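Here are some notes to read alongside the model, written as numbered points. I hope they help you find your way around.

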Amino acid sequence: MSSIRNKTLLITGGAAGIGKIMGELCLQEGAKELIIWDIDHTAMQKVAEDLSGKGYRVHTYHVDVSRLEQVTQAAAAVKQNQGEIDILINNAGVIIGKQFWEHTHRDIDFTMRINIDAFMHIALEFLPGMISRGSGHIVNIASAAGMTANPKMSVYVASKWAVIGWSES
């Protein structure tokens with residue numbers, strides 16, 4: 001993990017679960033600062049307070065990654081306030097577990113907007129800067145579900161297969 005030393009990283013869905021754990025571990029391993037994007041304002045503020053209390057630099061942005069306008073506005077704010085990021089961890093995600101025929105069109109759109117569309121839009125906001133600097137990393141969190149079928153998770157599985165296929169492309 002020495003490659004994260006003195007790096008600025010952004011984690012979507014960083015207020016809980018895997019995102020929260022990754023953020024703290026990266027700071028412990030020497031990341032310069034952590035930027036958290038999350039829809040859960042209260043949880044995000046608590047994580048930021050806890051980590052800031054340990055001496056870490058943490059910035060928070062209340063972002064619904066399913067809304068492109070919020071993604072582009074938050075990306076512009078990050079670039080203006082913190083500068084370019086070094087590491088993007090696309091982690092935000094949702095699971096709606098039920099039989100495919102029980103899903104609504106809204107369930108399908110919502111899952112795909114968060115689990116894959118947002119990843120691509122967010123990467124598009126930061127990748128050009130990484131390319132022009134000749135450095136940077138994008139980590140897209142998928143799931144074992146992206147490699148095998150799962151009962152009652154067809155839409156989630158489709159979104160995670162898409163993450164893996166897009167990431168490898």
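1. Let me start with the rule for pairing: two strands count as paired if DSSP finds at least two bridges between them. In this predicted model, β4 and β5 meet that rule with four bridges, in the parallel sense. One contact point to look up is I89, whose bridge partner in β5 is V139.

2. On its other flank, β4 has β1 to work with. Strand β1 (residues 8-12) and strand β4 (residues 87-90) run parallel and are joined by three bridges. Here I11 is the residue that stands opposite I89 in β4. I89 is thus a handy place to begin, since I11 stands opposite this residue and V139 in β5 is its bridge partner.

3. Now for the whole sheet. Five strands make up an open sheet with parallel pairing, and their order is β3-β2-β1-β4-β5. The edge positions belong to β3 (57-62) and β5 (137-140); each has a single partner strand, so one side of each lacks a neighbour in the sheet. Ignoring direction, the average turn between neighbouring strands of this sheet is 15°.

4. Helix α1 (residues 17-28) packs on that sheet and touches β1, β2, β3 and β4. The direction of α1 makes about 170° with that of β1.

5. Which way do the side chains of β4 point? I87 and I89 go one way, while L88 and N90 go the other way. As background, side chains in a regular strand alternate between the two faces of the sheet. In β4, all of these residues are buried, N90 included.

6. A word on the chain as a whole. There are five helices and five strands, and reading along the sequence gives the pattern β-α-β-α-β-α-β-α-β-α. Among contacts between residues at least 6 apart in sequence, 66% join residues at least 24 apart.

7. How does the radius of gyration of the chain sit with that of a compact globule? For 169 residues such a globule would come out near 15 Å, and the chain has 16 Å, which agrees. The C-alpha atoms fill a box of roughly 50 × 35 × 30 Å along the principal axes, and buried residues account for 41% of the 169 residues.

8. On aromatic rings, the count is one aromatic pair. The ring centres of W37 and F126 are 6.2 Å apart and the planes meet at 55°, so the pair is tilted. W37 belongs to strand β2 (residues 33-38) and F126 to helix α4 (residues 105-133), so the pair ties together parts that are 89 residues apart in sequence. W37 and F126 are both buried.

9. Two charged residues are worth a look if you care about rings. K79 lies over the face of F126, at 5.4 Å from the ring centre. F126 is also a member of the tilted pair with W37. R106 lies over the face of F110, at 5.1 Å from the ring centre.

10. Last, is H103 buried or exposed? H103 has a relative accessible area of 9%, and the cut-off for buried is under 20%, so this histidine counts as buried. H103 is found in the loop between β4 and α4. Setting aside neighbours within four places in sequence, H103 is in contact with I96, K98, I108 and V155.

Note on methods: Residues are numbered from 1 along each chain as its sequence is written. This is a predicted model: local features need pLDDT of at least 70, side-chain atom pairs count only at pLDDT 80 or more; totals for chains, interfaces and linings use all residues. Side-chain values use heavy atoms; hydrogens and water are left out. Rings of Phe, Tyr and Trp (its six-membered ring) pair if their centres lie within 6.5 Å; planes under 30 degrees apart count as stacked, over 60 as edge-to-face and the rest as tilted. Helices (H or I, at least four residues) and strands (E, at least two) are DSSP runs, numbered from the N terminus. Buried means under 20% relative accessible area, exposed over 50%, partly exposed in between (1.4 Å probe, protein chains only). A charge sits over a ring if NZ of Lys or CZ of Arg is within 6 Å of the ring centre and within 35 degrees of the ring normal. Axes are lines fitted to C-alpha atoms, for helices over the stretch in contact, and angles run from 0 to 180 degrees between N-to-C directions. Contact means heavy atoms within 4.5 Å. The radius of gyration is taken over C-alpha atoms; the globule rule is 2.2 Å times the number of residues to the power 0.38.
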